[in-house]
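Have the model open in your viewer and keep the selection panel at hand. We will go stop by stop, and at each one you will hear what to pick and what is there.

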Amino acid sequence: MKSMNEMNLFYKLAKFICKHRWLYYLLNYTWGLFLTLIGWITLFFLLITDKVYRNQDNDYFGKMIYLTRKKHDWAFSIGTIVICGNLRVINNSWCYSEDEVNLSIVQHEIGHSIQNAIFGPFMVFIVNIPSMIRYWYRSTFPQKAKGGYYDIWFEKSASIAGIYWKAKWTDII
Ligand SMILES: [Zn+2]
């Protein structure tokens, strides 16, 4: 996946999926069903234990996003479900108000759900597991972490796919 041609193909597919939203859902609920189901099951347990609630007001992503009841600075996605830590802190880089979501982190997580539409059953092996191991490694051995968190291909391409998603919403692409 690291070669230029493969990434170009990924970006073309991501753009196409963002332009044709029905394809995003079709792929996530067929080819990518494995993680989409796990996402819904996870969400179900987080909702009945009152750990998260649905984000009500967000122009671009509103209904897809669930916020944690407690303050966290992380977000994650499983299939089409995005769980976003609720910072409720206002500063320059994390512009939150009471129930607002940090747009760039949400956009990034949406990008992972676009990856799920594209990679389907392989997503868990080429993105989720490496990403979890990497996250653990970087937070356990911060002095050994090389480069930025978003430098690796599956993080960088998630951010870009997320930009396509929002761009379609605002009709730029
Ligand atoms: Zn990520």
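Which residue in β4 does A75 stand opposite? Select A75 and look across: C84 is the residue that faces it. Bear in mind as you go that this is a predicted model.

**The hairpin**

Now widen the selection to strand β3 (residues 75-78) and strand β4 (residues 81-84), which run antiparallel and are joined by 4 bridges. Between these strands lie 2 residues, and in this hairpin G79 takes a positive phi near 60°.

**The whole chain**

Zoom out and show the protein as a cartoon. You should find 6 helices and 4 strands, arranged along the sequence as α-α-α-β-β-β-β-α-α-α. Of the 173 residues, 33% are buried. Taking contacts between residues at least 6 apart in sequence, 58% join residues at least 24 apart.

**Colour by confidence**

Switch the colouring to pLDDT. The mean for the protein is 84, and 83% of residues reach 70 or more. Among the elements, helix α3 (residues 33-48) has the highest mean, 97, while strand β2 (residues 65-68) has the lowest, 84. Then select residues 89-99: here the pLDDT is below 50, and the stretch has 16 contacts in the model beyond near neighbours in sequence.

**A stop in β2**

Return to β2 and pick T68, which is found in that strand. Is T68 buried or partly exposed? T68 has 17 C-beta neighbours inside 10 Å, so it counts as partly exposed, since a buried residue needs 20 or more. Show its contacts, leaving aside neighbours within four places in sequence: they are K51, V52, I83, G85 and N86. For a distance to display, try the C-alpha atoms of T68 and L47, which are separated by 9.8 Å although the residues are 21 apart along the chain.

**The core**

Next, select A14, Y66, V82, I83, C84, V106 and I114. These have the most contacts inside the largest nonpolar core, which has 32 residues. Helix α4 gives the most to this core, with 7 residues.

**Last stop: helix α6**

Finish with α6 (residues 153-169). Its 17 residues should span 24 Å at 1.5 Å a residue, and its end C-alpha atoms are indeed 24 Å apart, so the two agree. Display the side chains of F154, S157, A158, A161, G162, Y164, W165 and K166, which are buried. To see what the buried residues of α6 pack against, add α1 (4-19), α4 (103-119) and α5 (123-140) to the view.

Note on methods: Residues are numbered from 1 along each chain as its sequence is written. This is a predicted model: local features need pLDDT of at least 70, side-chain atom pairs count only at pLDDT 80 or more; totals for chains, interfaces and linings use all residues. pLDDT is the predictor's confidence in each residue, from 0 to 100. Two residues are in contact if their C-beta atoms, placed from the backbone, lie within 7 Å. A residue is buried if 20 or more other C-beta atoms lie within 10 Å of its own, exposed if 12 or fewer, and partly exposed in between; C-beta atoms are placed from the backbone. Two strands pair if DSSP finds at least two bridges between them. The expected span of a helix is 1.5 Å times one less than its number of residues. A nonpolar core is a set of buried Ala, Val, Leu, Ile, Met, Phe, Trp, Tyr and Cys residues joined through C-beta atoms within 7 Å.
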